[in-house]
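I opened this structure to look up its overall build and then a handful of serines and aspartates. My notes are kept in the order in which I went through them.

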Amino acid sequence: MRTPILAGNWKMYKTVAEAKSLVSESKDDLLAVSGVDKVFCPPFLAVPAVAELVAGTALGVGAQDMYWEDEGAYTGEVSPLMAKEFCQYVIIGHSERREYFGETDADVNKKIKAALRHGLTPIVCVGESLEIRQAGDTERWVTEQVRGAVADLTGEQVAGLVFAYEPIWAIGTGLAATPQDAEHVCGSVVRATVREMYGAQVAEAVRIQYGGSIKPGNALDLMSQPNVDGGLVGGASLQAADFVAIVRHTAEAKGTA
Ligand code: PGA
């Protein structure tokens, strides 16, 4: 049994004060839901404050990105050594990083290796644009992204990863993938690629989230899919009540509530 994992990707929202109140507002309700891993991914400046608020609880903290070198003259970057002081997780290769900051599959691979070297769990994002989907190229595209991400990794390392399948056309648009589409890509593309490369045991262990316009109203259907092991939630994670509702729906869908 894979433990479902819900992560709130706050993106470039929330000052430290706002971050603290969002966590304080939702913390107890989130902790009351068992059987689901719950992670806050605040902007870097709010990470220490959030980590302090959740210290000693079952709530996790994730970075939204990081560089692959441990230290050095890389102005503006944050290293895995710094992230791991506060975080257990790190989002890697989000489509916004790929699109606006030019991250390649090779960069994603280096960041995953750096995270694993430091004991951080990578949440590895993959997903196609609308153009690729309309060209009928989704499977090939996502397969390539998965292969590029895991290059040179061992089965044991891959088993511990979290993937997030996030179709770009569904991110922030209010237009989520259908549960069937989410299930198809999570199961028959991402998990199938892992199975092909590393075998059934690793494929059954790896967790695969869906992301893209998850809301309280669609969470139960999306999370009921057998190959969807949770979600990466953007907009809805900025509202305490919405994120709590999504976590509750996930527990209900997976029968852990
Ligand atoms: P969204 O973002 O939930 O606002 O669509 C998801 C994401 O980008 O991780």
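The entries below go from the whole chain to single residues.

**Ground rules.** I am working with a predicted model, in which local features need pLDDT of at least 70 and side-chain atom pairs count only at pLDDT 80 or more, while totals for chains, interfaces and linings use all residues. I number residues from 1 along each chain as its sequence is written, and I note that side-chain values use heavy atoms, with hydrogens and water left out.

**Confidence.** I looked up pLDDT, the predictor's confidence in each residue on a scale from 0 to 100, and found that the protein averages 98, with 100% of the residues scoring at least 70. Among the elements, strand 4 (residues 89-92) has the highest mean, 99, and helix 6 (residues 130-134) the lowest, 97.

**Overall build.** I count elements as DSSP runs numbered from the N terminus, helices being H or I runs of at least four residues and strands E runs of at least two; the protein has twelve helices and eight strands. Its radius of gyration is 17 Å, close to the 18 Å that the globule rule gives for 257 residues, so the protein is as compact as a globular protein of that length. For that entry I note that the radius is taken over C-alpha atoms and that the rule is 2.2 Å times the number of residues to the power 0.38. Along the principal axes, the C-alpha atoms fill a box of roughly 45 × 45 × 35 Å.

**Burial and contacts.** I call a residue buried under 20% relative accessible area, exposed over 50% and partly exposed in between, using a 1.4 Å probe and protein chains only. Buried residues make up 53% of the 257 residues. Taking contact as heavy atoms within 4.5 Å, I found that residues 24 or more positions apart account for 73% of the contacts with a separation of 6 or more.

**Two buried helix serines.** I placed S26 in helix 1 (residues 16-31), where it counts as buried at 1% relative accessibility. Leaving aside residues up to four places away in sequence, S26 touches F40, A240 and V244. I then placed S95 in helix 4 (residues 95-101); S95 is also buried, at 10%, and with the same exclusion it touches I168 and I171.

**Helix 9.** I looked up two residues in helix 9 (residues 179-198), one of them S188, which is partly exposed with a relative accessible area of 48%. From C-alpha to C-alpha, S188 and G56 are 38 Å apart in space and 132 residues apart in sequence. The other is D181, partly exposed at 25%, whose C-alpha atom is separated by 9.9 Å from that of P167, 14 residues away along the chain.

**Positive phi in loops.** Which loop holds D152? I found D152 between helix 7 (138-150) and helix 8 (155-159), with a positive phi of about 70 degrees although it is not a glycine, and exposed at 67% relative accessible area. S213, likewise not a glycine, has a positive phi of about 60 degrees and lies in the loop between strand 7 (207-211) and helix 11 (216-223). Unlike the exposed D152, S213 counts as buried, at 8% relative accessibility.
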